[in-house]
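Could you walk a newcomer through this protein with some questions and answers? Keep it relaxed, please.

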Amino acid sequence: MIEYAVRKHFPDLPDTTGPQTYARNYLEKLIQVPFRIPALGDTETRIYVTLLLVGAELGENDPAFNALIKVARERLKRPWTTGALDAAAVRTALGDKASRANNALALSDQIGPILASGTKGNPRQIKRFLNTLVLRQRTAEARGFGDDVKLPVLAKLMLAERFFPRLFDQIAAAAAAAADGKCPDLSALEAAATAKADTKSAAKPEKSSAKGDDAVKPAPKLEAVKSTDSALLSEWLSSPAIKAWAAVPTAIGGEDLRPYLFVAKDRKDYFGAASVLGHLAAVVEQLFGGKFAVQGLEADLKRLAPPEAAQIFEAVRGRIVGGDSFDTEPPGAAGLAVLVKAHPTLQGSLVHFLDALPRDRLGPWVCSGWEGVLKDGDAPQRFDRLLQTWGKEGGPMLKAAASGVLRTRQGAR
């Protein structure tokens, strides 16, 4: 701030001196003892994380928690020899409340190293991270799905959100679109990162105790993972930082990540229409093609399960209504006809859709094109009644078209 003020106060300094150099020299004349506050190291971060989490669990005014703070201060005097707060130290300090600190200890072990590295040991950023972690967990509890959110899984995902936002978005998009909420590429990434760590740790002992080809046993496991790489997985494996994150002990690739993404909606909503549809979103897009193109989809549409067909129908219907243009045939109408033809159980839904269209803005297109679609049960009779209504209401062109089609249908019978 002082350097900035000096630069603003002396804007016309000659170029040979330079405002930045002048401001720095000015400041150095005032302060002769430079001191930088050292960043927290791995051990200090883990102690700090443990204290913050235990404090959130017990309350900062709890006598047992204050006893733990005293133990932590003793540990911090010589962190290079004493190490982090272990279970024995916490158990001694907290007494009968020690069981409530088990999650805090496990979590500090899991996220402490990466949190220390990612925040550069900045206590403020560490505390903000943990505050957000606890807040999201309690939000999940208040919303009624707290049992679906495991704190270590949430913490690992939030590490990606905080330090690797692109990775987080990629995982979130894949998980939100998956039927089971899982990301297979993430499982492969964690397996590869773990396999590599195991290979490094086991390399020396195996060399001394094994002979010939047995000395390189871990390698095929890693190669097996790599042989099935997707483009996304290849991108992740090329980053040492992402692989270090993936090696955090808690494995989350096999978890349903949708509850965790939902509780992180304060950042971005990953559950839009396309995400809910998942793999069916591509089918919806195809149904908005031209008439000839959509007619060729009937065989594929028949292979859809009835619930999937109903979901697609609703998505197409919603987009047509949202377009708010009905004087000419809107995109998607031909797609609906083909979908209902492939799944006759949707005939009733189609009649409801046609009946709900605004008659004062409805063009004559709506009266024809449904002959081979509305043919089972009471659907034809309901459509006849709808034609009668259109023949009395709406614009002149709709009335004329509806009356003409109704006469043709009745004459054919």
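What follows is a chat between a student and a tutor.

Student: Before we start, what kind of model is this, and how are its residues numbered?
Tutor: It's a predicted model, where local features need pLDDT of at least 70, side-chain atom pairs count only at pLDDT 80 or more, and totals for chains, interfaces and linings use all residues. Side-chain values use heavy atoms, with hydrogens and water left out, and residues are numbered along each chain as its sequence is written, from 1.

Student: How many helices and strands does the protein have?
Tutor: Both come from DSSP runs, numbered from the N terminus: helices are H or I with at least four residues, strands are E with at least two. On that basis the protein has zero strands, and its helices come to 24.

Student: What share of the residues counts as buried?
Tutor: Buried means under 20% relative accessible area, exposed means over 50%, and partly exposed is in between (1.4 Å probe, protein chains only). The protein has 413 residues, and the buried share is 40%.

Student: What share of the contacts with a separation of 6 or more comes from residues 24 or more positions apart?
Tutor: A contact means heavy atoms within 4.5 Å. Among the protein's contacts with a separation of 6 or more, residues 24 or more positions apart account for 71%.

Student: How many disulfides are there?
Tutor: A disulfide is a covalent bond between the sulfur atoms of two cysteines. Here it's called as a pair of cysteine sulfur atoms within 2.5 Å. C183 is buried, at a relative accessible area of 1%, and C367 is buried at 1% as well. The count of disulfides in the structure is zero.

Student: Why do α22 and α23 count as roughly parallel or antiparallel, and which is it?
Tutor: Axes are lines fitted to C-alpha atoms, for helices over the stretch in contact, and angles run from 0 to 180 degrees between N-to-C directions. Helix α22 (residues 347–356) packs with helix α23 (residues 379–392) at about 5°, and their axes are 10 Å apart. Angles under 35 degrees count as roughly parallel, over 145 as roughly antiparallel, 65 to 115 as roughly perpendicular and the rest as oblique. So α22 and α23 are roughly parallel.

Student: Which residues of α23 meet α22?
Tutor: On the α22 side, the residues are Q347, G348, V351, H352, L354 and D355. Those meet, in α23, A379, R382, F383, L386 and W390.

Student: Is W245 buried or exposed?
Tutor: W245 lies in helix α14 (residues 240–246). Leaving out residues up to four places away in sequence, W245 touches I114, K156, L159, A160, F164, L167, I171, L186, L189 and I252. With a relative accessible area of 0%, W245 is buried.

Student: How far is L257 from C183 in space?
Tutor: L257 is in the loop between α14 and α15 (258–263), and at 0% relative accessibility L257 is buried. L257 and C183 are 74 residues apart in sequence, and their C-alpha to C-alpha distance is 8.2 Å.

Student: Which helix holds R409, and what does R409 touch?
Tutor: R409 is buried, with a relative accessible area of 13%, and sits in helix α24 (residues 396–412). Not counting residues up to four places away in sequence, R409 touches E371, P380, F383, D384 and L387.
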